[in-house]
Amino acid sequence: MTAPPDAGEQLRTEALALTRHPIQRCGAWAVTILAGRDHPDDVTVGDLDDVAARIVRDVVRAATAGKDDAAYDWWKILYALFPNAKPTHASRPRDAAALTAEVDRFFAVDRARDVLRPCVFCGAMAGVRWAKSMLPMFDTTKFRNTLPPGTAGWPVCRACRIAVWAMPYGAAVTAGSATVLTCDGDVVERNFAARNCERAARIQQVGFSSLPSHASPEAVTLWGLRNYAARSGTNQRPVATTLWMFKNDNQEPWLRVTATRLAVVGFLRALPTQPTAARGWRRLESAMTRRAADGTVIRSGRDAIARTLFEPVNDHRDRLLVELFNRRDAVEKTSASTLRDWRALSALYLREMCGMDTGDLKPVTTLLVDWITAEKNPRGRFNEYRQVAGRTFALQRLLMEASARLLLDGRRPSDITGATETLLASTPPGWRLRGQLFFEVVAELAARGAAIGTRAESDEDDADDTDGPHVGFDPDADDDDVDNDGGYA
C-alpha cells in the first residue's frame, strides 16, 4: 500500500465521480462493483483504498506470471490497454516486491504540497499527471500541443486514476481490445460492468483458453436493455446505449463507436407481447448461426442478431431489416410460418424503431399477388418481382406493367396511388417499405396457396419454439460456443 504521508501534510478528501468520459465512467462502475456498492456516489475513501490494493495485487501477479500461467492472460489485456506502463513493459521488474512498490505509486494520495491542477476527468484538484502509457486512447507526450501548457501529461486525481485502471474489470475485454458502455440508464451500465467483473475474475483464475464463451458486448447490452424495458412500470423512459470499442497498442490503435437508438427500449418492450414477431426474432437468430462441419458454433446467432440493433454513430442503417431482406433469395426453402414470423418482426421494427405504419402496403400487396397468381405457373412472375423488389425504378416499371396486364385481362387492379410516393422514394422510408412489401407479398402468396417453393411449405417445418427468452439470447454462455479470445467477438 501507499506509504503514509509526511507528518503535518494535509490530504484532500476523495470522492469517486461518475463522469461522461467512457473509459473513466466504465472504471467508476467497476470500482463500485469491486467495492460492493450500488452506485459510485456510495464509494468511500476506504473503498478506494481496498480497490487500489486489489488492482495492485492483480497487476503484479499478472506481470510476474509465467507465459503458461492463467494469470498471464490478464497481463495480455493490460498490455493491450497500457502498452508502455511499467508493469506491461518488456523491461519491467520480475521481482514482485519491487514491482508492487512501482505500481503502488500509481495510486498515491495527492499531497497538499504538490502543484494541483483540475483533473481532466472530474475537475477535482490533482497533483499527478499521466499520459498515454497510463491512459488508454490518450495522446503520447510527444504531442505537446494537445496537453495542458507546460506539462508532460494530463492531471488525474487519485479516484480517477483508480477508475482508469479498474476499467479492464468492467469492460468487455479480449487479448487485444476492450469495449466500454455508456448509457443514460445507470442500471444498464451497472449490469454491463457487473457481468464483466465476473468474467474478469474468471480470466484471472483460468485464463482465456478454459473460459466458456459469454455473449458479445452487444448481446450483453441488449440483455440489460431488455431487463430495463421489462422493469415494473410500463413507462420506462427511452435510453440509448453506446459501445466504445478500441485497441490501444503501439502499432495500430483504433476506435469504433456503435450505438442503439432511443426507440430500442420500446422495441424490446413490445417484442415479448407480439408472439409472432418474437418467434421471428428467434428464427432469424437460428438462421444467422453458423456451424462448422463438426457442429461447433463458429458464429453465434445470438450475438449476430444483437449486433443488428447497433449502428455506427450518426449512420442509421437498419441492419435488422437488411438481414431480413437479404433472405429473399432463399424464400423457396423457407417455411410459410417462418416467413409470416419475419413479416411480423419487420413490421414491429418499422413501427417501434422508425414510427412507420405499413397499412398502406395492402393495396400494393394485393396488386402484385393478383398479377403473380394470374399465371398458371406463378414462379416466373414471382421471380420477376423478387429481382426488382429493392430497386426503385425497376419496381415502378413492374407495378405499371402489372396494373396494365390486370386491366387488359379484365381485372380491376388495386388503387396504389396512396402508397407509391413513399414506397418508390430513394430515401430510407422508401427502402424500408420495399423490404416490408416483399414479406407482405410472400405471406399473401402463401395464404392463397400459390406454388412458389420447390417443395410444399408446411407450418410444421418449423417447430413453434415459444420456449426461451423473447429477445433471442440468454446471458448464460453456450457450452459449444468457445473462442480462444475469451468469448467476445
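A residue counts as buried when its relative accessible area is under 20%. With that cut-off in hand, the salt bridges of this predicted model can be looked at one by one. R381, at 12% relative accessibility, is therefore buried. Its salt-bridge partner is E375, and the closest N and O atoms of the two are 3.4 Å apart. E375 itself sits at 37% relative accessibility, so the residue counts as partly exposed. Elsewhere, salt bridges that share partners tie R261, E311, D318 and R432 together into one network.

Next comes a pair that stays inside one helix. R54 and D58 both belong to helix α2 (residues 45-63). They lie 4 residues apart, which is about one turn of the helix. Their side chains meet in a salt bridge, at 3.5 Å from N to O. Here, too, the partners fall into two classes: D58 is buried, with a relative accessible area of 14%, while R54 is partly exposed, at 28%.

What about a pair that links distant parts of the chain? R343 forms a salt bridge with E440, and their closest N and O atoms are 3.6 Å apart. R343 sits in helix α12 (residues 336-354), whereas E440 sits in helix α17 (residues 428-447), so this pair bridges 97 residues along the chain. For R343, the relative accessible area is 26%, so this residue is partly exposed. E440 has a relative accessible area of 16%, so this one is buried.

Taking the whole model, the count comes to 27 salt bridges.

Technical notes:
Residues are numbered from 1 along each chain as its sequence is written. This is a predicted model: local features need pLDDT of at least 70, side-chain atom pairs count only at pLDDT 80 or more; totals for chains, interfaces and linings use all residues. Side-chain values use heavy atoms; hydrogens and water are left out. A salt bridge is a side-chain nitrogen of Lys or Arg within 4 Å of a carboxyl oxygen of Asp or Glu. Helices (H or I, at least four residues) and strands (E, at least two) are DSSP runs, numbered from the N terminus. Buried means under 20% relative accessible area, exposed over 50%, partly exposed in between (1.4 Å probe, protein chains only).
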